[in-house]
Amino acid sequence: MSTRLRIKIWHRKQRYAIRRHRSLDRMYRVGVAVVGSLLILAGLVMIPLPIPGPGWGSFFLGLGVLSTEFEWAHRVTSFIVASLRRAGTIAQHTWQRIDAAVHRRVERITGARLVQTWLEHQRSLQVPYAFA
């Protein structure tokens, strides 16, 4: 069993134990709300900084903390993850199309296809040639 899975199981057991006590559950949820909100606010403050990364990272970390206890935050996080996956797929397909088009254009311009075909023909004949 992986360490991550062990930690997840341990946390779930602890959370169920906390849920049995109403006041402890309320304090836990308030603590999660405070920590998550502080991370989100810190992220919002850091986003305009010229350093890439910490603002958005803190923002999404805060949203992740909130999504452990609040359904609305979980829905927002799930929506963002799905949107990012869709955007990644679209970007990947677009990049592959552009990359293929550029390669075809370069091959046409340089005649690399002709040279490649000639070399493959030479290899298939198993005849040594002077240029290689």
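This is a short tour of a salt-bridge network, a pocket and a surface patch, stop by stop.

The model is predicted, so local features need pLDDT of at least 70 and side-chain atom pairs count only at pLDDT 80 or more, while totals for chains, interfaces and linings use all residues. Residues are numbered from 1 along each chain as its sequence is written, and side-chain values use heavy atoms, with hydrogens and water left out.

**Stop 1: the salt bridges**

Select Arg-15 and Asp-25, whose side chains meet in a salt bridge at 2.6 Å, N to O (a side-chain nitrogen of Lys or Arg within 4 Å of a carboxyl oxygen of Asp or Glu). Asp-25 sits in helix H2 (residues 22–46) and Arg-15 in helix H1, so this pair ties together parts 10 residues apart in sequence. Helices here are DSSP runs (H or I, at least four residues), numbered from the N terminus.

Keep Arg-15 and add Glu-69: these side chains also form a salt bridge, 2.6 Å from N to O. Glu-69 lies in the loop between helix H3 (54–67) and H4, so the contact with Arg-15 of helix H1 ties together parts 54 residues apart in sequence. Colour by accessibility next: Arg-15 counts as buried at 5% relative accessibility, and Glu-69 counts as buried at 9% (buried means under 20% relative accessible area, exposed over 50%, partly exposed in between, with a 1.4 Å probe and protein chains only).

Now add Arg-29, which meets Glu-69 in a salt bridge of 3.5 Å, N to O. Arg-29 is in helix H2, 40 residues from Glu-69, and counts as partly exposed at 31% relative accessibility. With shared partners, the salt bridges join Arg-15, Asp-25, Arg-29 and Glu-69 into one network.

**Stop 2: the largest pocket**

Arg-15 and Glu-69 also help line the largest pocket, along with residues including His-11, Tyr-16 and Ser-67. Its volume is about 300 Å³. A pocket is an open set of points on a 1 Å grid over the protein atoms alone, where a 1.4 Å probe fits, with protein on both sides within 12 Å along at least five of seven lines; lining residues have an atom within 4 Å of a point. Show helix H1 (residues 3–19), which gives the largest share of the lining, eight residues.

**Stop 3: the nonpolar patch**

Finally, select Trp-95, Ile-98, Val-102 and Val-106, which make a nonpolar surface patch of about 400 Å² (residues with over 30% relative accessible area and no salt bridge, nonpolar side chains joined within 5 Å). Ile-98 belongs to helix H4 (residues 71–110) and is partly exposed, with a relative accessible area of 44%.

Definitions and conventions
Patch = residues over 30% accessible without salt bridge, like charges linked within 9 Å, V, L, I, M, F, W, Y side chains within 5 Å. Areas by Shrake-Rupley, 256 points an atom, 1.4 Å probe, with all protein chains shown as cover. Helix = DSSP H or I, 4+ residues; strand = E, 2+ residues; numbered from the N terminus. Points joined across faces, edges and corners; volume = space filled by probe spheres on them.
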